Amino acid sequence: QVQPVESGGGLVQPGGSLRLSCVAPESLFSIIVVNWYRQAPGKGREFVATIDAGGNRNYAESVKGRFTISRDNAKNTVYLQMNSLKVEDTAAYYCNTPKFRWGWGQGTQVTVSS
């Protein structure tokens, strides 16, 4: 099963910013909706943000107003700009389609700590 490649994570202080990238394993021109998910230690995977082919976006309540999802179909890449990061945003972040068309990538670790 093909997998995306996530990157851009790291260690950041509360209030800081990171920009995550998800390189899709196939042309994004053929993919209508792409989501970002995250999984914190000891917790299940949860939805973070979604974007469709028309650029319509939606977010989990916990990140609304702080995170922005975007896509560049020509680069086969979906981005997640994360601002005003909180300790509770610490998690491994993954991208996938809503029906998990792709295999799960290795994710990118985001750690928010002072």
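# Strands, loops and one disulfide

Q: At 22% relative accessibility, into which exposure class does Asn-76 fall?
A: Buried means under 20% relative accessible area and exposed means over 50%, with partly exposed in between, using a 1.4 Å probe and protein chains only. The relative accessibility of Asn-76 is 22%, so this residue counts as partly exposed.

Q: How many helices and how many strands does the secondary structure of the chain come to?
A: This is a predicted model, in which local features need pLDDT of at least 70 and side-chain atom pairs count only at pLDDT 80 or more, while totals for chains, interfaces and linings use all residues. Residues are numbered from 1 along each chain as its sequence is written, and side-chain values use heavy atoms, with hydrogens and water left out. Helices (H or I, at least four residues) and strands (E, at least two) are taken as DSSP runs and numbered from the N terminus. Along the sequence the pattern reads β-β-β-β-β-β-β-β-β-β, and the totals are zero helices and ten strands.

Q: What radius of gyration does the chain have, set against the value for a compact globule?
A: The C-alpha atoms fill a box of roughly 40 × 25 × 20 Å along the principal axes. The radius of gyration is taken over C-alpha atoms, and the globule rule is 2.2 Å times the number of residues to the power 0.38. For 114 residues a compact globule would have a radius near 13 Å, and the chain agrees with this, having 13 Å.

Q: What share of the contacts with a separation of 6 or more comes from residues 24 or more positions apart?
A: Contact here means heavy atoms within 4.5 Å. As background to the packing, 46% of the 114 residues count as buried. Among the contacts with a separation of 6 or more, the share that residues 24 or more positions apart account for is 54%.

Q: Which strands does the disulfide between Cys-22 and Cys-95 tie together?
A: A disulfide is a pair of cysteine sulfur atoms within 2.5 Å, and by this rule the count comes to one. The sulfur atoms of Cys-22 and Cys-95 are 1.9 Å apart, and both residues are buried. Because Cys-22 lies in residues 18–23 and Cys-95 in residues 91–96, the pair ties together parts that are 73 residues apart in sequence, namely strands β3 and β9.

Q: Is the disulfide of Cys-22 and Cys-95 left-handed or right-handed?
A: The handedness follows from the torsion about the S-S bond of Cys-22 and Cys-95. That torsion is about 75 degrees, so the disulfide is right-handed.

Q: What is the phi of Ser-84, which is not a glycine?
A: Most residues other than glycine have a negative phi. Asn-76, in the loop between β7 (67–72) and β8 (77–82), has a positive phi of about 55 degrees although it is not a glycine. Ser-84 is found in the loop between β8 and β9 and is partly exposed at 40% relative accessibility. The phi of Ser-84 is likewise positive, at about 50 degrees.

Q: What separates the C-alpha atoms of Leu-28 and Ala-74, 46 residues apart along the chain?
A: Leu-28 is found in the loop between β3 and β4 and counts as buried at 1% relative accessibility. Leaving out residues up to four places away in sequence, Leu-28 touches several residues, including Asn-73, Asn-76 and Trp-102. Asn-73, in the loop between β7 and β8, is buried with a relative accessible area of 18% and touches Leu-28 and Phe-29 when residues up to four places away in sequence are not counted. For Leu-28 and Ala-74, the C-alpha separation is 7.7 Å.

Q: Is Ile-32 buried or exposed?
A: Ile-32 is found in the loop between β3 and β4 (34–39), and its C-alpha atom is 20 Å from that of Leu-20, twelve residues apart along the chain. Leaving aside neighbours within four places in sequence, Ile-32 is in contact with Ile-51, Asp-52, Ala-53 and Arg-71. Even with these contacts listed, the relative accessible area of Ile-32 is 57%, so Ile-32 is exposed.

Q: What is the relative accessible area of Thr-97?
A: Thr-97 lies in the loop between β9 and β10 (108–112). Not counting residues up to four places away in sequence, Thr-97 touches Ile-31, Val-33, Tyr-37 and Trp-102. Thr-97 is buried, with a relative accessible area of 6%.
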